[in-house]
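The following exercises ask the reader to work from backbone geometry to packing. Each task is followed by a solution that goes step by step.

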Amino acid sequence: MANIGVVTTATNNQVILRNYVSGFPKESDLYIASTTVDLRVPPGSMAVLVKILYLSCDPFSRIRMEKPDPSSPASLALAYSIGKPITGYGVAKAIDSGHPNYKNGDLLWGRVGWEEYSVITPTHSSHFKIHHTDVPLSFYTGLLGIPGLTAFVGFYEICSPKKGETVFVSAASGAVGQLVGQFAKMAGCYVVGSASSKEKVDLLKTKFGYDDAFNYKEERDLSAALKRCFPEGIDIYFENVGGKMLDAVLENMRTHGRIAACGMISQYNLKEPEGVHNLASIVYKRIRVQGFAAVECFDKYSKFLDFVLPYVREGKITYVEDIAQGLENGPSALIGLFHGKNVGKQLVEVARE
């Protein structure tokens, strides 16, 4: 006989993809729908029912909003399904677990649905138990999550910085860029960043320790702007933007420069990608360019935490978050990324722990 008064289901609001996107995404491409979720996983299941606390807004989501095209390089990113919840990275709390490594009440971060509750099957490469709760849980969407690991691997592992080198970071006030700049200063480098507003430029120089910064929207000639900031050239470029900025950077790189490419947000909404004209510089200057994805670098996550947590606890690393409140504001927060509306790491607080 069922226990009278025991709640076994709950309403589950979800962010659903309405249409595949071409060009700039709109809030109307997403909508909120309600369904019901069982609050117990099936007996014998390895699944975990989690309550979502925070969701990460990531530029990479835009690629997954496109209609699947096997001939496109973007097909490596699994497209979302129309009429189904979009997915991404988030912080969650286990409500009911059939998995031996997770018990009820455990906190974790990893791949979840954009919804209030998700049923997940944890793996070592998709979900991570949160052991350090003396720092804000929201940090696991950014500083201690994918963006932080991206900054760490891209800067230290790929770019191999040396004291005194010059570093340029595009989209420098974003989730990744704000960390790269601080890592560069720790390594004894001279670092300059670009951003899309005066407010963000000021943030780079006053909060994140950048030696200089400029608003790329106010520069008629990006190559000239870089030459002004780096009269001797650029040793390291942390690439987040692509397009015209990449072209200008190649013209200003020094011999044996390194470029770590983790994103090209300027290209995601274009029906035809922009061409890059200065590729010959890669040969002439023996520049090393490497694209990478943090999801292939989880073997370095423990090393990253060991490195970064002491700095966080000592207040030696600053991290700015832009937090939207409530799942209902998730679509506007996510779409705002592609219009530069966020200041710092954009995330959505779905529920309090």
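**Exercise 1. Positive phi angles**

In which strand is H256 found? Locate also R286, and state which residue with a positive phi follows α2.

Solution. The model is predicted, so that local features need pLDDT of at least 70 and side-chain atom pairs count only at pLDDT 80 or more, whereas totals for chains, interfaces and linings use all residues. Residues are numbered from 1 along each chain as its sequence is written, and side-chain values use heavy atoms, with hydrogens and water left out.

Step 1: H256 belongs to strand β12, residues 253-261, where strands (E, at least two residues) and helices (H or I, at least four) are DSSP runs numbered from the N terminus. Although H256 is not a glycine, its phi is positive, at about 65 degrees.

Step 2: R286 sits in the loop between α7 (280-284) and β13 (288-291), and this residue, which is not a glycine either, has a positive phi of about 55 degrees. Its relative accessibility is 48%, and R286 therefore counts as partly exposed; the classes are buried under 20% relative accessible area, exposed over 50% and partly exposed in between, with a 1.4 Å probe and protein chains only.

Step 3: The residue that follows α2 is S160, with a positive phi near 45 degrees.

**Exercise 2. Two residues of strand β6**

Determine whether S118 is buried or exposed, do the same for V119, and list what each of them touches.

Solution. Step 1: S118 is found in β6, residues 117-120, and V119 lies in that strand too.

Step 2: With a relative accessibility of 2%, S118 counts as buried, whereas V119, at 54%, is exposed.

Step 3: Leaving aside residues up to four places away in sequence, S118 touches V48, L49, V50, I52, V112 and G113, where contact means heavy atoms within 4.5 Å. With the same exclusion of residues up to four places away, V119 touches A47, V48 and L49.

**Exercise 3. The crossing of α5 and α6**

Describe how the axes of α5 and α6 are arranged, and which residues meet.

Solution. Step 1: The axes of α5 (residues 222-229) and α6 (residues 243-252) come within 8 Å and cross at roughly 45 degrees; axes are lines fitted to C-alpha atoms, for helices over the stretch in contact, and angles run from 0 to 180 degrees between N-to-C directions.

Step 2: The two helices are therefore oblique to each other, since angles under 35 degrees count as roughly parallel, over 145 as roughly antiparallel, 65 to 115 as roughly perpendicular and the rest as oblique.

Step 3: From α5, L222, S223, L226 and K227 meet K244, M245, A248, V249, E251 and N252 of α6. The residues of this contact comprise five nonpolar, two polar and three charged, with Ala, Val, Leu, Ile, Met, Phe, Trp, Tyr, Cys and Pro counted as nonpolar, Asp, Glu, Lys and Arg as charged, and the others, Gly among them, as polar.

**Exercise 4. Burial, from one helix to the whole protein**

Establish how many of the residues of α2 are buried, and then what percentage of the protein's residues is buried.

Solution. Step 1: In α2 (residues 146-158), 11 of the 13 residues are buried, so this helix is largely enclosed by the rest of the structure. The buried residues include F152, F155 and I158.

Step 2: In the protein, buried residues make up 54% of the 353 residues.
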